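This report covers the surroundings of a ligand and the packing of a pair of helices. The structure is shown first, and the discussion follows under short headings.

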Amino acid sequence: MRSRTPNEEELLLRGTRDHYEDAALYDFEYEDRGVDIVWYRRLAARLGVKQRILELGAGTGRITVPLLEAGHVVTALDKMPPMLELLQAKAAASPSFGAQLAVVVGDMTALPLADGAFDLVIAPFNALQHLYSYRELLACFCEARRVLAPGGTFAFDVLLPDLDWLTWDPDERHAVTHFKHPTTGEPLVYSTNHTYDAETQVCHVRIYYDDAPRRGRAFKPPPKPRRLVHLAHRQIFPEEIRALIAAAGLELEELSGDFSGMRLRTGVQSQVVRARRPLG
Ligand SMILES: C[S@@+](CC[C@H](N)C(=O)[O-])C[C@H]1O[C@@H](n2cnc3c(N)ncnc32)[C@H](O)[C@@H]1O
């Protein structure tokens with residue numbers, strides 16, 4: 001792997017940090033996403049009652065809280081304290097969650113957790129795409145295997161790389177949406193664009209938050225955004241997933257699309273993966 005320039009390092013650092021500094025805004029932006037919650041809940045239920053679950057990149061607990069509600073025991077690991085603070089605030093609302101939830105600030109490539117401690121390890125909603133090299137991904141897969149009990153399951157979802165979307169015009173603004181900030185109430189306009197670096201497989205997404213125009217005026221992106229969030233997602237191709245699973249000593253059980261068991265093909269957004277730590 002060639003070494004990264006200081007500018008690349010800075011973009012990757014911001015790419016895992018900026019989007020997760022405002023946890024309330026994160027929850028607001030993804031409040032309509034539910035299909036993954038149903039899938040992870042069903043998976044845990046199929047494996048048994050009171051499963052010992054480790055969630056890598058647990059964030060604000062979008063998936064964690066439904067798993068707690070279903071009676072499972074969850075260790076929520078994330079490297080961004082603001083995200084975990086919101087998760088803890090949500091969990092505080094239910095006294096029974098106290099004994100079911102452990103929160104760990106940590107990195108998913110080096111888990112401060114005991115061998116064989118979990119029945120299920122999950123990494124929902126593209127969390128693994130914040131690992132920016134094959135080496136980091138393999139470290140994470142090996143850690144997932146180590147902390148799983150024999151026969152345990154590692155499940156995750158990541159985007160299916162879409163070369164058409166990745167190579168859109170990097171200057172055009174997309175997904176232009178007017179909204180009110182959930183905490184401050186300010187009227188803002190959300191828009192995005194992105195640049196794909198084919199050499200590193202990293203897509204650099206820019207999320208712009210601009211002041212909303214006065215009533216009746218059309219939105220025109222100002223020369224300098226009010227706030228610019230950088231989000232970096234490494235693209236993980238299906239064959240790379242298969243190679244990582246084999247190299248970590250796991251067995252692939254499912255690699256399908258969009259939480260519906262669909263075959264991977266153009267138009268599918270998410271790759272949904274289940275692998276098992278062998279019994280022997
Ligand atoms: C897209 S969010 C997913 C959050 C949550 N699982 C959900 O479904 O809403 C990705 C999360 O991964 C966390 N993250 C990114 N890189 C990480 C790393 N190396 N170790 C631990 N957490 C990481 C981020 O802080 C963020 O909370």
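## Polar contacts of the ligand

In this predicted model, an N or O atom in the side chain of Asp107 lies 3.2 Å from a nitrogen atom of the ligand. The backbone also takes part: a polar backbone atom of Met108 is 2.9 Å from a nitrogen atom of the ligand, and a backbone N or O atom of Gly57 is 2.7 Å from a ligand nitrogen atom.

The protein buries 98% of the 600 Å² that the ligand exposes when taken alone.

## Composition of the shell

The ligand is surrounded by 22 residues. Tyr26, Gly57, Arg62, Asp78 and Met108 are the closest of these. By class, the shell divides into 12 nonpolar residues, five polar residues and five charged residues.

## Packing of α7 and α9

Two packed helices are described by the angle between their axes and the distance between those axes. Helix α7 spans residues 134–147 and helix α9 spans residues 238–247. Their axes are 9 Å apart, and the helices pack at an angle of about 50°.

An angle of this kind is neither under 35 degrees nor within 65 to 115 degrees nor over 145 degrees, and α7 and α9 are therefore oblique to each other. The handedness of the α7 and α9 crossing is right-handed.

How values were computed:
Residues are numbered from 1 along each chain as its sequence is written. This is a predicted model: local features need pLDDT of at least 70, side-chain atom pairs count only at pLDDT 80 or more; totals for chains, interfaces and linings use all residues. Side-chain values use heavy atoms; hydrogens and water are left out. A residue is near a molecule or strand if one of its heavy atoms lies within 4 Å of it. A polar contact is a pair of N or O atoms within 3.5 Å; within protein, one must be able to donate a hydrogen and the other to accept it, and residues adjacent in sequence count only if both atoms are side-chain atoms. Accessible areas come from the Shrake-Rupley method with a 1.4 Å probe; for residues, only the protein chains shown count as cover. Ala, Val, Leu, Ile, Met, Phe, Trp, Tyr, Cys and Pro count as nonpolar, Asp, Glu, Lys and Arg as charged, and the others, Gly among them, as polar. Axes are lines fitted to C-alpha atoms, for helices over the stretch in contact, and angles run from 0 to 180 degrees between N-to-C directions. Helices (H or I, at least four residues) and strands (E, at least two) are DSSP runs, numbered from the N terminus. A crossing is left-handed if the near helix is turned anticlockwise from the far one by less than a right angle, and right-handed if clockwise.
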